[in-house]
Amino acid sequence: MKKRLLAAMMSLAMLLSVLPGTALATESDSGSCGNGVTWSYDGAGKLTISGHGEINDYQIEWGSNTPWGNYWQEITQVMIESGVTRVGYGAFGGAMAANTYPNLSSVSLPDTLISIGEYAFGGAAISKIILPSSF
């Protein structure tokens, strides 16, 4: 029995070693971006941030090192839902990054928002910002 189990494990290991690494990887479309705050990307340009608390601060490099950074050129709309209290530094832009989010045209901010970090949207191509009625 032990020999069969060992043979099966070795066969599986050999099979996995010949597959390209990307064949096993799956790209995440959602995750955490703060204590109690999550993000989700719908694949069609809309990024939604939800939960209760602050979006983390991010140091922007070419592209983006945010959790949704793989989509920085695809994102056209950001919807920050009620409960989020702060947009972190560099969340959708950066101090030195022109055209950081070149297709981001619309941002919706919640009524629970208290502050926006520096360069949170620096370099983004925003043409429409939806503010809560409390502003």
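Which residues does Val84 touch, not counting residues up to four places away in sequence? Keep that one in mind for a minute, and I'll come back to it. One thing up front: what you see above is a predicted model.

Okay, the overall picture. The chain has 2 helices and 9 strands. If you walk along the sequence, the pattern reads α-α-β-β-β-β-β-β-β-β-β, so to speak two alphas and then betas to the end. Of the 135 residues, 36% count as buried. The chain exposes about 8,200 Å², and carbon and sulfur atoms supply 56% of that. And if you take the contacts with a separation of 6 or more, 60% of them are between residues 24 or more positions apart.

Now the sheets. Let's take the one with 6 strands. That is an open sheet, in the order S1-S2-S3-S5-S7-S9, and the pairing is mixed. Strand S1, residues 30-34, and strand S9, residues 128-130, sit at the edges with a single partner strand each, so one side of each has no neighbour in the sheet. On average, neighbouring strands here are turned by 15 degrees against each other, ignoring direction.

Let me zoom in on the S9 end. Strand S7, residues 106-108, pairs with S9 in the parallel sense, over 3 bridges. If you want a residue to click on, go to Val107: its bridge partner in S9 is Ile129. Right beside it in S7 you'll find Ser106. Is Ser106 buried or exposed? Its relative accessibility is 14%, and the cut-off for buried is under 20%, so Ser106 counts as buried. Leaving aside neighbours within four places in sequence, Ser106 is in contact with Thr76, Gln77, Val78 and Lys128.

On to the other sheet. This one is open too, with 3 strands in the order S4-S6-S8 and parallel pairing. S4 and S8 are the edge strands, each with a single partner, so each has one side left without a neighbour in the sheet. S4 covers residues 53-54 and S6 covers residues 84-87, and 2 bridges join them. On the far side of S6, strand S8, residues 115-116, also pairs in the parallel sense over 2 bridges.

Arg86 is a handy landmark here. Glu54 stands opposite Arg86, and Arg86 in turn stands opposite Ser115 in S8. One step along, Val87 stands opposite Ile116 in S8.

So, back to the opening question. Val84 is found in strand S6, and at 0% relative accessibility it counts as buried, because the cut-off is under 20%. The residues it touches are Val37, Ile49, Ser50, Gly51, Gly53, Ile55, Pro110, Thr112 and Leu113, again not counting residues up to four places away. Look at Pro110 in particular: Val84 and Pro110 are 26 residues apart in sequence, and their C-alpha atoms are 7.1 Å apart in space.

That takes us to the core. In soluble globular proteins, nonpolar side chains tend to be buried together. Here the largest nonpolar core has 25 residues, and the ones that touch the most other members are Leu47, Ile49, Ile55, Trp68, Ile75, Val87 and Phe92. Which elements give two or more residues to this core? Strand S2 (37-41), strand S3 (46-51), strand S5 (77-80) and S6 do. The largest share, 3 residues, comes from S2.

Pick Phe92 if you want to see what one of those core residues does. Setting aside neighbours within four places in sequence, Phe92 is in contact with Leu47, Ile49, Trp68, Val78, Val87, Thr100, Tyr101, Leu104, Ala120, Phe121, Gly122 and Ala124. Several names there come from the list I just read, including Leu47, Ile49, Trp68 and Val87.

Last stop, a backbone oddity. Where is Tyr119? Tyr119 is in the loop between S8 and S9. Tyr119 is not a glycine, and yet it has a positive phi of about 55 degrees. Tyr119 is partly exposed, with a relative accessible area of 39%.

That's my tour, thanks. Pull up the structure and have a look.

Notes
Residues are numbered from 1 along each chain as its sequence is written. This is a predicted model: local features need pLDDT of at least 70, side-chain atom pairs count only at pLDDT 80 or more; totals for chains, interfaces and linings use all residues. Side-chain values use heavy atoms; hydrogens and water are left out. Two strands pair if DSSP finds at least two bridges between them. Helices (H or I, at least four residues) and strands (E, at least two) are DSSP runs, numbered from the N terminus. Buried means under 20% relative accessible area, exposed over 50%, partly exposed in between (1.4 Å probe, protein chains only). Contact means heavy atoms within 4.5 Å. A nonpolar core is a set of buried Ala, Val, Leu, Ile, Met, Phe, Trp, Tyr and Cys residues joined through side-chain atoms within 4.5 Å. Axes are lines fitted to C-alpha atoms, for helices over the stretch in contact, and angles run from 0 to 180 degrees between N-to-C directions. Accessible areas come from the Shrake-Rupley method with a 1.4 Å probe; for residues, only the protein chains shown count as cover.
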